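I opened this entry to record what I looked up in one model. The notes follow the order in which I went through the items.

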Amino acid sequence: QVQLVESGGDSVQSGGSLRLSCVISGQSDDSACMAWFRQAPGKKREGVADISSGITNYGSSLKGRFTISYDDAKKTLYLQMNSLKPEDTGMYYCATTSPSPHPCPSFYWWLAGGYPPRYWGQGTQVTVSS
């Protein structure tokens, strides 16, 4: 029912910018939690940012370089990434849940699994070279 498709991943140089997009279909809750995660090779998946009704939350390691936003008209979730560093390299995934808790749950909750179900995109690769 709920489907997510990411795009925008690319290979960029350190210090560059990139905007990821995630088209979400089948999500009927206008205030649903939506999130971005990333996973580097050999590392655990980590939360990047989440948003619900305009309220945002970011992973503590990002230091204000990333911005999450949502365009309801386009049903598209975005992640603007600036001042990219090599350590930002990884597969980026978008996610949502339905029905959605309010406010957004911890990043750990998304990874734990259970009900309500979590829906994930296929991922888009971001590679930052020095």
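**Aromatic rings.** I took two rings of Phe, Tyr or Trp (its six-membered ring) as a pair if their centres lie within 6.5 Å. The model is a predicted one. I counted four aromatic pairs by this rule. Which residues do the ring pairs link into a cluster? I found Phe37, Phe107, Trp109, Trp110 and Trp120 in it.

I then looked for charges over these rings. Arg118 has its charged end over the ring of Trp109, at 3.4 Å from the ring centre. The charged end of Arg45 sits over the ring of Trp120, and here the distance to the centre is 4.9 Å.

**Open sheet.** I traced an open sheet of four strands, in the order E1-E3-E8-E7, with antiparallel pairing. Strand E1 (3-7) and strand E7 (66-71) each have a single partner strand and stand at the edges, so one side of each lacks a neighbour in the sheet. I noted an average twist of 15 degrees from one strand to the next.

Next I went through the bridges. E1 and E3 run antiparallel and are joined by five bridges. In this pairing Leu4 is opposite Ile24 of E3. Strand E3 (residues 18-25) pairs with strand E8 (residues 76-81) over six bridges, also in the antiparallel sense. On the E8 side, I listed Thr76 as the bridge partner of Val23 and Leu77 as the residue opposite Cys22.

**Strand E4.** Is E4 largely enclosed or largely open? Five of its six residues are buried, so I put E4 down as largely enclosed by the rest of the structure. I then checked its partners. E4 is joined to E5 by five bridges, and the two run antiparallel. Met34 has Ile51 as its bridge partner in E5. The hairpin of E4 and E5 has six residues between the strands, and Gly42 in this hairpin has a positive phi near 75 degrees. E4 is also joined to E9, antiparallel, by six bridges. For Arg38 the bridge partner in E9 is Tyr92.

**Nonpolar cores.** I looked up the largest nonpolar core, which has 23 residues; Trp36, Leu77, Leu79 and Met81 touch the most other members. Two or more residues each come from E3, strand E4 (34-39), E5, E7, E8, strand E9 (90-97) and strand E11 (124-129). E3 gives the largest share, four residues. I also noted a second, separate core of eight residues, with Ala35, Phe37, Phe107 and Trp110 among them. Phe37, Phe107 and Trp110 also appear in the ring cluster above.

What does Leu79 touch, leaving out residues up to four places away in sequence? My list has Leu18, Arg19, Leu20, Trp36, Val48, Phe66, Thr67, Ile68 and Tyr92.

**Loop between E8 and E9.** I placed Asp88 in this loop. Is Asp88 buried or exposed? Its relative accessible area is 0%, so I entered it as buried. Not counting residues up to four places away in sequence, Asp88 touches Arg38, Arg65, Phe66, Ser83, Val126 and Val128. Ser83, one of these contacts, is found in the loop between E8 and E9 too. I entered Ser83 as partly exposed, with a relative accessible area of 40%.

**Backbone exceptions.** Most residues other than glycine have a negative phi, and most peptide bonds are trans. I therefore listed the departures from this. Ser83 has a positive phi, near 50 degrees. Lys75 has a positive phi near 50 degrees as well. I located Lys75 in the loop between E7 and E8, and at 31% relative accessibility Lys75 counts as partly exposed.

For peptide bonds, I found a cis bond joining Ser98 and Pro99, with omega about -5 degrees. The bond from His102 to Pro103 is cis too, with omega near -5 degrees. Pro99 lies in the loop between E9 and helix H1 (107-112). Pro103 lies in the loop between E9 and H1 as well.

**Gly54.** I ended with the loop between strand E5 (46-52) and strand E6 (55-58), where Gly54 has its place. Gly54 counts as exposed, at 59% relative accessibility. I recorded 21 Å between the C-alpha atoms of Gly54 and Gly121, which are 67 residues apart along the chain.

Terms used:
Residues numbered from 1 in each chain as written. Predicted model: local features only at pLDDT ≥ 70, side-chain atom pairs only at ≥ 80, totals over all residues. Heavy atoms only, no water. Buried < 20%, exposed > 50% of the residue type's maximum accessible area, 1.4 Å probe, protein only. Phe/Tyr/Trp six-rings, centres within 6.5 Å; stacked < 30°, edge-to-face > 60°. Lys NZ or Arg CZ within 6 Å of the ring centre and 35° of its normal. Pairing = 2+ DSSP bridges. Axes fitted to C-alpha atoms, helices over the stretch in contact; angles between N-to-C directions. Core = buried A, V, L, I, M, F, W, Y, C linked by side-chain atoms within 4.5 Å. Contact = heavy atoms within 4.5 Å.
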